[in-house]
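Here is a short tour of one protein model. Keep the sequence and the 3D view open while reading.

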Amino acid sequence: MGIRHLIGVALALVCMTGSVSAEKLAKQYFGAKRDGSAQKAAAFGSYAKGCAAGLVQMPDSGPTWQSMRLSRNRNWGHPELIDFSQKLSRVAVKQGWKGLYFGDFSQPRGGPMLTGHRSHQLGLDADIWMNPVGRVNLSRNQRENISAISMRRAGGAYVNDKWTRAHHEILKAAASDPRVARIFVFPGAKVQMCKDEKARSKRKRAWLRKIRPWWGHHYHFHVRLSCPKGSRGCVNQDPPPAGDGCADAQQWVNNILNPPPPPKNPPKAKKRRELRLADLPKACVGVLNSN
C-alpha cells in the first residue's frame with residue numbers, strides 16, 4: 001500500500017468525519033451509509049474486498065417478488081443485478097410459483113458488512129430463498145419473522161422431501177443467464193441436479209458448471225454476477241474449473257458421509273483480520289464521500 005494512498009485515505013476521512021480513528025473498521029463506514037452514492041454504477045475491487053458506486057435499491061415488493069428482512073437495508077445492487085433478479089422472479093412464476101423471496105444483496109454502497117457475509121461487497125451478489133413462494137403480499141413485519149426453508153438432509157449430503165423439480169429449474173434458469181459467474185448451493189443439491197440432468201447431452205448440461213457446492217446455502221442459493229462491461233476497477237473471480245463439476249460435488253458428499261481423518265499436526269488457525277479502509281480500492285473513499 002503506497003504512502004500517498006494512505007495519506008489520501010486519511011485526508012478523505014478527516015473531511016468526512018472530522019477525525020481519523022486508527023481503530024475504526026471499513027465495515028463501520030460502509031455500514032453507516034443509508035443510501036447509494038450519486039455516481040455512475042460501478043464496482044471496485046473484488047467480491048470480498050471492494051465497494052460499489054451508484055447502486056440501486058431493489059423495490060420492497062413487485063408483482064413477482066418480495067425483498068425480505070427490510071430492516072437490514074441490504075437490498076441494494078448494481079442495475080444488472082436488479083434486472084437479473086426481477087427477470088428470474090418472472091421465470092419462477094412461469095414455473096408455478098408466485099415469485100421469489102430475495103434475501104441479502106449488498107449494502108447501499110457495498111463494502112464490508114457489519115455482520116454476516118464476507119462477500120456481497122460489489123452489488124453483484126444475491127441470496128435467493130429456497131421457499132416455494134405462494135404469495136407476494138407479506139407485510140414488513142411478516143418479512144422480518146418468516147423463516148427460510150432448508151432443503152438439506154444428512155448434513156447437506158442429500159436434498160430433503162421439500163426439494164422439488166421447480167428448485168432445479170429455477171437454479172438452471174439462473175445459471176443459464178450469461179451474466180451469472182457462479183451459483184453457490186449445498187453439495188447434495190448439486191449432486192441431485194447432476195443426477196436429474198444425467199440423460200442430457202454435454203452441451204445441454206453446460207450450465208451445471210456454474211452450480212458450485214459450498215457450505216451452508218441450503219436455506220437459499222447465492223447468485224454471483226460477473227463484473228459488468230465497463231467496470232474497469234472490478235475484479236472477476238477465476239472461472240469455475242472446466243467440466244460440469246459433478247464429480248467434485250460428489251466428493252463433497254462423500255466427505256460429509258465419511259469424513260476423512262483429521263491431519264495429525266494441523267496448522268494453527270489464523271484469526272482473519274478485519275478490513276480497514278486502506279485495504280480497499282482507493283475509489284472506495286470517493287464512494288463514501290459522494291452525496
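## A covered strand and its hairpin

In this predicted model, strand β2 (residues 49-53) is largely enclosed by the rest of the structure, because 4 of its 5 residues are buried. Its partner is strand β1 (residues 42-46), and the two run antiparallel over 5 bridges. A hairpin of 2 residues links β1 to β2. Look at Ser46: its bridge partner in β2 is Lys49.

## Strand β11 and its two partners

Now move along the chain to strand β11 (residues 180-185). Here 6 of the 6 residues are buried, so the strand is largely enclosed by the rest of the structure.

Which strands pair with β11? One is strand β13 (residues 220-225), joined to β11 by 4 bridges. These two strands run antiparallel. Val180 has Leu225 as its bridge partner in β13. The other is strand β12 (residues 211-213), which pairs with β11 in the parallel sense over 3 bridges. In that pairing, Ile183 stands opposite Ile211 of β12.

## The nonpolar cores

Ile183 appears again in the largest nonpolar core, which has 42 residues. Together with Met193 and Phe221, Ile183 touches the most other members. Several elements each supply at least two residues of this core. Among them are the helices α3 (79-94), α5 (165-176) and α6 (187-196). The strands β7 (100-102), β8 (125-129), β11 and β13 do so as well. In soluble globular proteins, nonpolar side chains tend to be buried together.

What does Phe221 touch, leaving aside neighbours within four places in sequence? Its contacts include Ala126, Asp127, Ile128, Trp129 and Met130. Ile170 and Leu171 are also in contact with Phe221. So are Ile183, Phe184 and Val185.

Apart from the largest core lies another one, of 12 residues. Phe30, Leu277, Leu280 and Cys284 are among its members.

## Helix α6

Met193 belongs to helix α6, where Met193 is buried. The helix is mostly covered, with 7 of its 10 residues buried. Besides Met193, the buried residues are Pro187, Gly188, Ala189, Lys190, Val191 and Cys194. What do they pack against? The buried residues of α6 pack against the strands β10 (158-159), β11 and β12, and against the helices α5 and α7.

## Two pockets

The two pockets compare as follows.

| Pocket | Volume | Lining residues | Lining by class |
|---|---|---|---|
| Largest pocket | about 500 Å³ | 22 residues | 7 nonpolar, 9 polar, 6 charged |
| Second largest pocket | about 330 Å³ | 15 residues | 5 nonpolar, 4 polar, 6 charged |

The largest pocket has a volume of about 500 Å³. Of its lining residues, the closest to its centre are Ser119, Phe184, Trp214, His222 and Arg224. Which elements each supply at least two residues of its lining? They are β11, β12, β13 and α7 (246-257). Strand β13 gives the most, with 3 residues. The strand that is joined to β11 by 4 bridges thus has a part in this lining too.

The second largest pocket has a volume of about 330 Å³. The lining residues closest to its centre are Arg118, Arg272, Arg273, Glu274 and Leu275.

## Three loop residues

Finally, look at some single residues in loops. His120 lies in the loop between β7 and β8. Its phi is near 60°, a positive value in a residue other than glycine. Is His120 buried or exposed? His120 counts as buried because its relative accessibility is 0%.

Ala154 sits in the loop between β9 (152-153) and β10. Ala154 is not a glycine, yet has a positive phi of about 55°. Its relative accessibility is 40%, so Ala154 counts as partly exposed.

Leu114 is placed in the loop between β7 and β8. With 42% relative accessibility, Leu114 counts as partly exposed. Not counting residues up to four places away in sequence, Leu114 touches Lys27, Gln28, Gly31, Arg74 and Gln107. Leu114 and Cys51 are 63 residues apart in sequence. In space, they are 14 Å apart, C-alpha to C-alpha.

Key. Residues are numbered from 1 along each chain as its sequence is written. This is a predicted model: local features need pLDDT of at least 70, side-chain atom pairs count only at pLDDT 80 or more; totals for chains, interfaces and linings use all residues. Side-chain values use heavy atoms; hydrogens and water are left out. Buried means under 20% relative accessible area, exposed over 50%, partly exposed in between (1.4 Å probe, protein chains only). Two strands pair if DSSP finds at least two bridges between them. On a 1 Å grid over the protein atoms alone, a cavity is a set of points where a 1.4 Å probe fits but cannot get out, and a pocket is an open set with protein on both sides within 12 Å along at least five of seven lines; lining residues have an atom within 4 Å of a point. Grid points are joined across faces, edges and corners, and a volume is the space filled by probe spheres set on the points. Ala, Val, Leu, Ile, Met, Phe, Trp, Tyr, Cys and Pro count as nonpolar, Asp, Glu, Lys and Arg as charged, and the others, Gly among them, as polar. A nonpolar core is a set of buried Ala, Val, Leu, Ile, Met, Phe, Trp, Tyr and Cys residues joined through side-chain atoms within 4.5 Å. Contact means heavy atoms within 4.5 Å.
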